[in-house]
Amino acid sequence: MSDSSPTTPSPTTPSGTAVIAAELIGTFWLVLGGCGTAVFAAVQVATADTGDVPVGVGYLGVSLAFGLTVLTGVYAFGHISGGHFNPAVTVGAAISGRLPWAKAPVYIVSQVVGGLLAGALILVVATGKDGFEATGHMAANGYGANSPDGYGLVSALIIEVVLTAIFVWVILGATDRRAPVGFAPAAIGLTLTLIHLISIPITNTSVNPARSTAVAFFNGDGAVGQLWLFWLAPILGALIAGSLYGPLFGERVKVERVTPGTAV
């Protein structure tokens, strides 16, 4: 007698193409949602009887936009690639044992390409408005004269290292096999929101070299010359967090494939 009960297909390892597509599209979405909000909606003015009235979303809106893109992106693609969308997260995952180092370059290249495509799209759309000037208005990261509130190099370096380390710690903790299942994307998205609330005035918030690269070349105004910091500081923060997570919290997992449903 045959068994006619339905069977559940076993999970399969995502293909390399699927991983590349997930990281590219996810990073594209992060940059489009976050930097796009900063370019299109952060500062808007409506004229009223009493004068100009600001109606843009401001720092709070931009912070929420970045958080929401990560939250939705991880839910959409976390089961495929892990939902890194950030070279620093990839480095943190690799050094903590969550991702084989051999896979890291593919992740990072996919993220940078996805970010640049989003930056180019933002520029194309923005130039459709009369009077738009890309130089200095593409949500680039910076310090000194390019910092939103004039913070210097040392301040920018410190805040980017510390906040990236905390971000990676939250990701590793939220996706730890001992953590509650299903809440990682929310924890990660809310953390990125808080990080932006802290540091937009300082550096315009990077903690993500792909996000910084995505708009620096379109922004000009010295952004490319300062891009080194927004690679160095996040990677350093990720190395600190990834190397210390196991010794501090007792979890170091070696994986040969991305586990469906995890964020790293």
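These are my notebook entries on a predicted model, written for someone meeting it for the first time.

**Entry 1: confidence**

I began with how far to trust the coordinates. The average pLDDT is 90, and 86% of the residues score at least 70. I then looked up the weak stretches. Residues 1-10 fall below 50, and this stretch has zero contacts beyond near neighbours in sequence. Residues 255-261 are also below 50, but here the model shows 19 contacts beyond near neighbours. Where pLDDT is low, the predicted coordinates should not be read in detail. I left both stretches there and moved on.

**Entry 2: overall layout**

I listed the elements next and found eight helices and two strands. Reading from the N terminus, the order is α-β-β-α-α-α-α-α-α-α. Of the 264 residues, 48% are buried. I also checked the contacts with a separation of 6 or more, and 79% of them join residues 24 or more positions apart.

**Entry 3: the inside**

Which residues touch the most other members of the largest nonpolar core? I found V31, C35 and F167, in a core of 37 residues. Helices α1 (16-40), α2, α4 (104-126), α5 (153-174), α6 and α7 (209-219) each supply at least two residues of this core. The most comes from α6, which gives six residues.

I followed C35 a little further. Setting aside neighbours within four places in sequence, its contacts are L30, F66, I122, A139, R211 and V215. Apart from the largest core I noted another one, of nine residues, with V91, V168, L172 and Y245 among them.

**Entry 4: the outside**

The protein exposes about 12200 Å², and carbon and sulfur atoms supply 69% of that area. I looked for a nonpolar patch on the surface and found one of about 540 Å², made by L60, L64, L68, L194, L197 and I198. Helices α2 (58-81) and α6 (184-203) each bring at least two residues to this patch.

I picked out L197, which sits in α6. Is L197 exposed or only partly exposed? Its relative accessibility is 42%, so I wrote it down as partly exposed.

**Entry 5: the salt bridge**

How many salt bridges does a search of the whole structure find? My search gave one. D176 pairs with R178, and their closest N and O atoms are 2.7 Å apart. I also looked up how covered D176 is: its relative accessible area is 5%, under the 20% cut-off, so D176 counts as buried.

Note on methods
Residues numbered from 1 in each chain as written. Predicted model: local features only at pLDDT ≥ 70, side-chain atom pairs only at ≥ 80, totals over all residues. Heavy atoms only, no water. Patch = residues over 30% accessible without salt bridge, like charges linked within 9 Å, V, L, I, M, F, W, Y side chains within 5 Å. Areas by Shrake-Rupley, 256 points an atom, 1.4 Å probe, with all protein chains shown as cover. Salt bridge = Lys/Arg side-chain N within 4 Å of Asp/Glu carboxyl O. Helix = DSSP H or I, 4+ residues; strand = E, 2+ residues; numbered from the N terminus. Buried < 20%, exposed > 50% of the residue type's maximum accessible area, 1.4 Å probe, protein only. Contact = heavy atoms within 4.5 Å. pLDDT = per-residue confidence, 0-100. Core = buried A, V, L, I, M, F, W, Y, C linked by side-chain atoms within 4.5 Å.
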